[in-house]
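Me: I am new to this structure and would like to understand the reasons behind the words used to describe it. Could we go through them one at a time?

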Amino acid sequence: MVTTATPAETRTILSNISWQTFKTMLAEMGSERKNRLAYDNGILEIMTPLMPHENSNRIIEGFVVALCEEFGLEFKRAGSLTLTRDNVERGGEPDSSYYIQNESRVRNRENIDLAIDPPPDLVLEVEYSKPKVDKSKIYTAIGVPEFWRYNGSVLRIYILNHGNDGQYTEVETSPTFAPVPVKEIPRFIQETKKNGEMKTTRAFRAWVRQQIAVSKS
């Protein structure tokens, strides 16, 4: 008997797309859509999330909210906010994005304009399949300080290097949620499949509190 894995997302590539065409597509497609777009150097990726992708995205979002609450950090969820900058001609729509350090600057903003507003402090990409465009280049150009990538088994944490190279550096601990080892989040994602999301989220909160308490002792 042959078994096949359930796809988590589909990715479609369009080449030789101008920046203006990409901006026009964004406007015509509107915000009430399921797929997410990413653009870099004439290449447009259209990603359509399926159930495994969206489930992981929502679970991680719940954990990020729990982390913010346990750390006493105010936050603003921006979801798959369209992030574009005309001066670098790159754009992307992360699976989730959050304002934390800069939350007070955008608290009352209904529309984000990266020409005057800061980018999200944290973005998440769920990547069960390999992206067709390099998301790190997009978010580097936009100036996102912290970038999480989850591939279905491993969560990687990157922070923006503000030195000469201006690239992302992979780190073991999120600077936003230090000293909690957030790279352990995947094991809690697996636990939701056995224990359910509510029970696992409670366990996650208890674990976070324990990590914080240990760091203070």
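Reply: Let us begin with the largest pocket, which has 19 lining residues, and of these Ser31, Ser80, Leu81, Thr82 and Glu93 lie nearest its centre. Please keep in mind that this is a predicted model.

Me: What makes a residue part of the lining of the largest pocket, and which helices supply at least two residues of it?

Reply: A residue counts as lining when it has an atom within 4 Å of a point of the pocket. Helix 1 (19–29) and helix 2 each supply at least two such residues, and the space in this pocket comes to about 450 Å³.

Me: Why is Ser56 called buried?

Reply: The word buried applies under 20% relative accessible area, and Ser56 has 4% relative accessibility, so Ser56 counts as buried. Ser56 has its place in helix 2, and, leaving aside residues up to four places away in sequence, Ser56 touches Val126, Tyr128 and Tyr150.

Me: Why is Asn41 called exposed?

Reply: Exposed is used over 50% relative accessible area, and because Asn41 reaches 69% relative accessibility, Asn41 counts as exposed. Its place is in the loop between strand 2 (36–40) and strand 3, and Asn41 has a positive phi of about 55 degrees although it is not a glycine.

Me: Why does Glu89 count as partly exposed?

Reply: Partly exposed covers what lies between the cut-offs of 20% and 50%, and Glu89, at 41% relative accessibility, therefore counts as partly exposed. Glu89 is found in the loop between strand 5 and strand 6 (90–92), and its phi, near 50 degrees, is a positive value in a residue other than glycine.

Me: Why do strand 1 and strand 5 stand at the edges of the sheet?

Reply: The sheet is open and has five strands in the order 1-3-2-6-5, with antiparallel pairing. Strand 1 (9–14) and strand 5 (83–85) each have a single partner strand, so one side of each is left without a neighbour in the sheet. On average, neighbouring strands of this sheet are turned by 15 degrees against each other, with direction ignored.

Me: How do you know that strand 1 and strand 3 pair?

Reply: Two strands pair if there are at least two bridges between them, and strand 1 is joined to strand 3 (residues 43–49) by six bridges, the two running antiparallel. The two strands therefore satisfy that condition. Within them, Ile13 stands opposite Glu45 in strand 3.

Me: Which residues touch the most other members of the largest nonpolar core?

Reply: This core has 29 residues, and Trp148, Phe177, Ile185 and Phe204 are those that touch the most other members. Among the elements that each supply at least two residues are helix 2 (51–71), strand 9 (146–150) and helix 6 (197–216), and helix 2 gives the most, with eight residues.

Me: What does Phe177 touch, not counting residues up to four places away in sequence?

Reply: With those residues set aside, Phe177 touches Val64, Leu67, Cys68, Phe71, Leu73, Ile100, Leu122, Trp148 and Val182. Apart from the largest core lies another one, of 16 residues, including Leu81, Ile142, Val144 and Tyr158.

Me: Is the peptide bond from Ala178 to Pro179 cis or trans, and where is Pro179 found?

Reply: The bond from Ala178 to Pro179 is cis, with omega near 15 degrees, and Pro179 is found in the loop between strand 11 (168–171) and helix 5.

Technical notes: Residues numbered from 1 in each chain as written. Predicted model: local features only at pLDDT ≥ 70, side-chain atom pairs only at ≥ 80, totals over all residues. Heavy atoms only, no water. Helix = DSSP H or I, 4+ residues; strand = E, 2+ residues; numbered from the N terminus. Axes fitted to C-alpha atoms, helices over the stretch in contact; angles between N-to-C directions. Core = buried A, V, L, I, M, F, W, Y, C linked by side-chain atoms within 4.5 Å. Buried < 20%, exposed > 50% of the residue type's maximum accessible area, 1.4 Å probe, protein only. Contact = heavy atoms within 4.5 Å. 1 Å grid on protein atoms, 1.4 Å probe; cavity = no way out; pocket = protein on both sides within 12 Å on 5 of 7 lines; lining within 4 Å. Points joined across faces, edges and corners; volume = space filled by probe spheres on them.
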